[in-house]
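Colleague: Could you walk me through this one? I'd like to start with the rings and then see where the talk goes.

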Amino acid sequence: MMSGWGGSYSLKCQPVDYSYSPMALRMAQTCWWYYISKFTEFFDTLFFILRKKNQQVSTLHVIHHGCMPMSVWMGMKFAPGGHSTFFALLNTFVHIVMYFYYMVSAMGPKYQKYIWWKKYLTSFQMLQFVCIFVHQFQLLFRECNYPKSFMVWIGLHGVMFLFLFSDFYKSKYTSDGKRRPANDGACMPVEGASYSKCSSNEHDNVVYYSNGIVNGFKTTEDAKTK
């Protein structure tokens, strides 16, 4: 915030400051730390694999973690500041909320009553992407000394992730989606530590517990005895 969006940056148009001024260097350093944070998020995937929760390494998960480091590197290298850093600010705040949810989920069943809002977390994430592509694509209709290639690139990211998260939301929370066999935890956003049972498309006669209380698959008969 203090690097620009806390006061000196404009939501309508913010060119990149390529000078060596203290504020420009501070924003460039902030962009660098945001870039590093994209690699720390690979720990999600590592923990899923180590716990043999491969069903949680979904298409959404792979696309999200796969493309972000490359995209952020391009921005950090060629446009370390300016208009598109708004998405990084917003995304960082959303990740703080998301990982707080993960933390409470991992604390055990008795804390699940405190995360009744997980459905709204997905909605919050979708709202984030709407704000991102609206903020970026406004430059299509106004003059701004900011690289249009980065504006389009980040805006398309917002559209793509809105589509992917919307598909997850419909499959999890709408009546039509609930009729389909669900792979609980398959989508990264809010199901990483769910305590509900679900069926698997590959194992019609089994259920599993995606929070790791019972690792691996159990037969339906075994699960009923729990």
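Modeller: Keeping in mind that this is a predicted model, I would begin with a cluster in which ring pairs link Tyr99, Phe100, Tyr101, Tyr102 and Trp117.

Colleague: And how many aromatic pairs does the structure hold?

Modeller: The structure holds 16 aromatic pairs, and one of them is formed by Phe100 and Trp117, which are stacked at 6.4 Å centre to centre with 10° between the planes. That pair links distant parts of the chain, since Phe100 sits in helix H4 while Trp117 lies in the loop between H4 and H5, 17 residues apart.

Colleague: Phe100 first, then: why does it count as partly exposed?

Modeller: Its relative accessible area is 44%, and partly exposed covers the range between under 20%, which is buried, and over 50%, which is exposed. Trp117, in turn, counts as buried because its relative accessible area is 17%.

Colleague: Switching to the inside, which residues touch the most other members of the largest nonpolar core?

Modeller: Those are Met68, Phe87 and Phe161, out of 26 residues in that core. Helices H1, H3, H4, H5 and H6 each supply at least two residues of this core, and the largest share, eight residues, comes from H6.

Colleague: What does Phe161 touch?

Modeller: Leaving aside residues up to four places away in sequence, Phe161 touches Leu60, Ile63, His64, Cys67, Met68 and Phe129.

Colleague: And on the outside, which residues make the nonpolar surface patch?

Modeller: Phe43, Leu46, Phe47 and Leu50 make that patch of about 420 Å². Phe43 belongs to helix H2, residues 42–50, and counts as partly exposed because its relative accessibility is 44%.

How values were computed
Residues are numbered from 1 along each chain as its sequence is written. This is a predicted model: local features need pLDDT of at least 70, side-chain atom pairs count only at pLDDT 80 or more; totals for chains, interfaces and linings use all residues. Side-chain values use heavy atoms; hydrogens and water are left out. Patches are made of residues with over 30% relative accessible area and no salt bridge: like charges are joined within 9 Å, nonpolar side chains (Val, Leu, Ile, Met, Phe, Trp, Tyr) within 5 Å. Accessible areas come from the Shrake-Rupley method with a 1.4 Å probe; for residues, only the protein chains shown count as cover. A salt bridge is a side-chain nitrogen of Lys or Arg within 4 Å of a carboxyl oxygen of Asp or Glu. Helices (H or I, at least four residues) and strands (E, at least two) are DSSP runs, numbered from the N terminus. Buried means under 20% relative accessible area, exposed over 50%, partly exposed in between (1.4 Å probe, protein chains only). A nonpolar core is a set of buried Ala, Val, Leu, Ile, Met, Phe, Trp, Tyr and Cys residues joined through side-chain atoms within 4.5 Å. Contact means heavy atoms within 4.5 Å. Rings of Phe, Tyr and Trp (its six-membered ring) pair if their centres lie within 6.5 Å; planes under 30 degrees apart count as stacked, over 60 as edge-to-face and the rest as tilted.
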